[in-house]
Amino acid sequence: MVTDHPWTRGNLKITRAALAIVEKDALRGYAADEEACGYLRGPASIPLVCDEAVVMQNVANKLHAIDPERYFRTARTYFSFNEKKFDDAVRTAAREGRPVKILYHSHLDAGAYFSPTDAAVMSMGEPPAHEGGEITMGPGPAWPLAFLVTSVRDGKIDEHRLFVWDAEARVFVAQAITVVEE
């Protein structure tokens, strides 16, 4: 668990261009009936700014097809990604001086909230074993990140909310984000 970077405390600034990529991906995901996911990164020298978005593939439908009992949700209500590729991207970005600061995903026809499943998975805990099942929170995020959720309702961007890990309370809490010009 890692939370020692300024961006893990929130109050991030996201450039309009980077947010436009997140929104385009979220709308693409909505049209495909799946949550979108990816990450935002930015200069290490300006720790609270994200100026680049990178789209990742949501593999939830693939997991569901392989094992529908364990992965009972489809990509419409769940996102998953190749963690090895993401970890490699996090390490490479840090070496390049442009660390990954935010992991994003979208919600379809639902609000921009951090769901119990999101909280369990992102805290390295256990998601529910079945719909409506209990979660187990973990010790905290595996990567030093904030988390952005974008709500898409009726094919339109509804809202964005940023969440960070509160290690003392062992919960994710909403924090401010600001959209800035380049």
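What follows is a short chat about a predicted model.

Q: Let's start with the sheet: what's the strand order, and is it open or closed?
A: In this predicted model, six strands make an open sheet in the order E4-E2-E5-E6-E7-E8, and the pairing is mixed.

Q: Which strands are at the edges?
A: The edge strands are E4, residues 52–56, and E8, residues 171–175, each of which pairs on one side only.

Q: And how much is the twist on average?
A: From one strand to the next, the twist averages 30°.

Q: How do E2 and E5 run, and how many bridges join them?
A: E2 and E5 run antiparallel and are joined by five bridges; as one example of residues facing each other, cysteine 37 stands opposite histidine 105 in E5.

Q: Which strands does H3 lie across?
A: H3 lies across E2, E4 and E5, and its direction makes an angle of about 145° with E5.

Q: What about H1, which strands does that one lie across?
A: Helix H1, residues 16–31, lies across E2, E4, E5, E6 and E7, and runs at about 50° to E6.

Q: Switching to packing, how many residues are in the largest nonpolar core?
A: The largest nonpolar core has 22 residues, and those with the most contacts inside it are Phe81, Phe86, Leu103, Phe114, Met122 and Phe172. At least two residues of this core come from each of E2, H3, E5, helix H4 (116–122), E6 and E7, with H3 giving the most, namely four residues.

Q: Is there another core, and which residues are in it?
A: Another core of 15 residues lies apart from the one just described, and Cys50, Ile102, Tyr104 and Ala146 are among its members.

Q: Back to Phe172, what does phenylalanine 172 touch?
A: Not counting residues up to four places away in sequence, phenylalanine 172 touches a set of residues including Phe114, Met122, Met137, Pro141, Phe147, Phe163 and Trp165.

Q: Which aromatics form a cluster?
A: One aromatic cluster is formed by Tyr39, Phe79, Phe81, Phe86 and Trp143.

Q: One more residue: where is serine 80 found?
A: Serine 80 is found in the loop between helix H2, residues 60–66, and helix H3, residues 83–95.

Q: Why is serine 80 called buried?
A: Serine 80 counts as buried because its relative accessible area is 13%, and the cut-off for buried is under 20%.

Q: And what is serine 80 in contact with?
A: Leaving aside neighbours within four places in sequence, serine 80 is in contact with Cys37, Gln57, Asn58, Val59, Ala60 and Leu63.

Definitions and conventions. Residues numbered from 1 in each chain as written. Predicted model: local features only at pLDDT ≥ 70, side-chain atom pairs only at ≥ 80, totals over all residues. Heavy atoms only, no water. Buried < 20%, exposed > 50% of the residue type's maximum accessible area, 1.4 Å probe, protein only. Contact = heavy atoms within 4.5 Å. Core = buried A, V, L, I, M, F, W, Y, C linked by side-chain atoms within 4.5 Å. Phe/Tyr/Trp six-rings, centres within 6.5 Å; stacked < 30°, edge-to-face > 60°. Pairing = 2+ DSSP bridges. Axes fitted to C-alpha atoms, helices over the stretch in contact; angles between N-to-C directions.
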